[in-house]
Amino acid sequence: MKSENIIKLLPYGPEFLFVDKLTKISSERVEGYYTFKKDEYFYHSHFKNNPVTPGVILIECMAQIGLVCLGIYLLNSEEISVKTTVAFSSSQVDFFIPVFPREKVKVVSEKVYFRFNKLKCKVKMFNEKGELVAKGELSGMIKKYE
């Protein structure tokens, strides 16, 4: 399955899509990127004079690339018309440094297991300098329906 097809299958609208590109994907891992735009809606109120990306948005970016994109790949659907449901079930993430507007992040995720539609991954986020932004474990239910 091609990366472009996986991104098209993501169940998010443009204001809540935190995946620009997938560079590597296999049954064991995924790697992708997102650049936080300076005019993202959450920067207007999250530290007005010094905008910082909220941790929950960083987790969302990690989940979209590291959990949902990998889950869609693992479901192995070649049909763009197939719909995917996602239920985020747990996260344990530690944060180390902030992410600011215009920063590009890389998310690397490794599958721990995928069984009975439940996917658990170890996920890391890095900034452009290669510094560790956050790391942890994410899990959720991924299922396709017609």
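# Working through a predicted fold

A search of the whole structure, which is a predicted model, turns up zero disulfides. Let's start there.

## Exercise 1: the cysteines

Work out how Cys61 and Cys121 stand relative to the nearest cysteine sulfur, and whether each is buried or exposed.

Solution.
- Step 1. For Cys61, the nearest cysteine sulfur belongs to Cys69 and sits 9.6 Å away. A disulfide needs the two sulfur atoms within 2.5 Å, so Cys61 is in no disulfide.
- Step 2. For Cys121, the nearest cysteine sulfur is again that of Cys69, at 11 Å. Cys121 is in no disulfide either.
- Step 3. Now accessibility. Cys61 has a relative accessible area of 0%, so it is buried. Cys121 also comes out at 0% and counts as buried.

## Exercise 2: the core

Find the largest nonpolar core and say which elements build it.

Solution.
- Step 1. Count the members: this core has 38 residues.
- Step 2. Pick out the hubs. Phe36, Cys61, Met62, Met125 and Leu138 have the most contacts inside it.
- Step 3. List the elements giving two or more residues: α1, β2 (29-35), α2 (55-75), β4 (104-115), β5 (118-126) and β6 (132-145).
- Step 4. Find the main donor. Helix α2 provides the largest share, 14 residues.
- Step 5. Zoom in on Met62. Setting aside neighbours within four places in sequence, Met62 contacts residues including Leu67, Val93, Val107, Val123, Met125, Ala134 and Leu138. Lys124 and Lys135 are on the contact list of Met62 too.

## Exercise 3: a serine in a helix

Locate Ser3, decide whether it is buried or exposed, and say what it touches.

Solution.
- Step 1. Ser3 belongs to helix α1, which covers residues 3-9.
- Step 2. The relative accessibility of Ser3 is 18%. Buried means under 20%, so Ser3 counts as buried.
- Step 3. Leave out residues up to four places away in sequence, and Ser3 touches Leu22 and Ile25.
- Step 4. Follow Ile25 onward: it stands opposite Val30 in β2.

## Exercise 4: strand pairing

Trace how β1, β2, β4 and β5 pair, and how many bridges join each pair.

Solution.
- Step 1. β1 and β2 are antiparallel and pair over four bridges. Three residues make the hairpin connection between them.
- Step 2. β2 and β4 also run antiparallel, joined by seven bridges. In this pairing, Thr35 has Lys104 in β4 as its bridge partner.
- Step 3. β4 and β5 are antiparallel as well, with nine bridges. Val108 stands opposite Lys124 in β5.
- Step 4. Put together, the order of pairing goes from β1 to β2, from β2 to β4, and from β4 to β5.

## Exercise 5: the β4-β5 turn

Look at the turn of the β4-β5 hairpin: which residues there have a positive phi?

Solution.
- Step 1. The hairpin has two residues between its strands. Phe116 lies in this loop, and so does Asn117.
- Step 2. Recall the background: most residues other than glycine have a negative phi.
- Step 3. Phe116 goes against that, with a positive phi of about 50 degrees although it is not a glycine. Asn117 isn't a glycine either, and its phi is positive at about 70 degrees.
- Step 4. Check the accessibility. Phe116 is exposed, at 76% relative accessible area, whereas Asn117 is partly exposed at 28%.

## Exercise 6: salt bridges

Find the two salt bridges and say which parts of the chain they link.

Solution.
- Step 1. In one, the side chains of Lys111 and Glu28 meet at 3.3 Å, N to O. Lys111 is in strand β4 and Glu28 in the loop between β1 (21-25) and β2, so this pair links distant parts of the chain, 83 residues apart.
- Step 2. Lys111 is partly exposed at 23%, and Glu28 is partly exposed at 43%.
- Step 3. In the other, Lys120 pairs with Glu137, with the closest N and O atoms 3.3 Å apart. Lys120 lies in β5 and Glu137 in β6, so the bridge ties together parts 17 residues apart in sequence.
- Step 4. Lys120 is partly exposed at 25% relative accessibility, and Glu137 is partly exposed with a relative accessible area of 25%.

## Exercise 7: confidence

Where in the protein is confidence lowest, and where is it highest?

Solution.
- Step 1. Take the overall picture: the mean pLDDT is 90, and 93% of the residues reach 70 or more.
- Step 2. Confidence is lowest in strand β3 (residues 83-95), at a mean of 83, and highest in β2, at 98.

Key
Residues are numbered from 1 along each chain as its sequence is written. This is a predicted model: local features need pLDDT of at least 70, side-chain atom pairs count only at pLDDT 80 or more; totals for chains, interfaces and linings use all residues. Side-chain values use heavy atoms; hydrogens and water are left out. Buried means under 20% relative accessible area, exposed over 50%, partly exposed in between (1.4 Å probe, protein chains only). Contact means heavy atoms within 4.5 Å. A nonpolar core is a set of buried Ala, Val, Leu, Ile, Met, Phe, Trp, Tyr and Cys residues joined through side-chain atoms within 4.5 Å. pLDDT is the predictor's confidence in each residue, from 0 to 100. A salt bridge is a side-chain nitrogen of Lys or Arg within 4 Å of a carboxyl oxygen of Asp or Glu. Two strands pair if DSSP finds at least two bridges between them.
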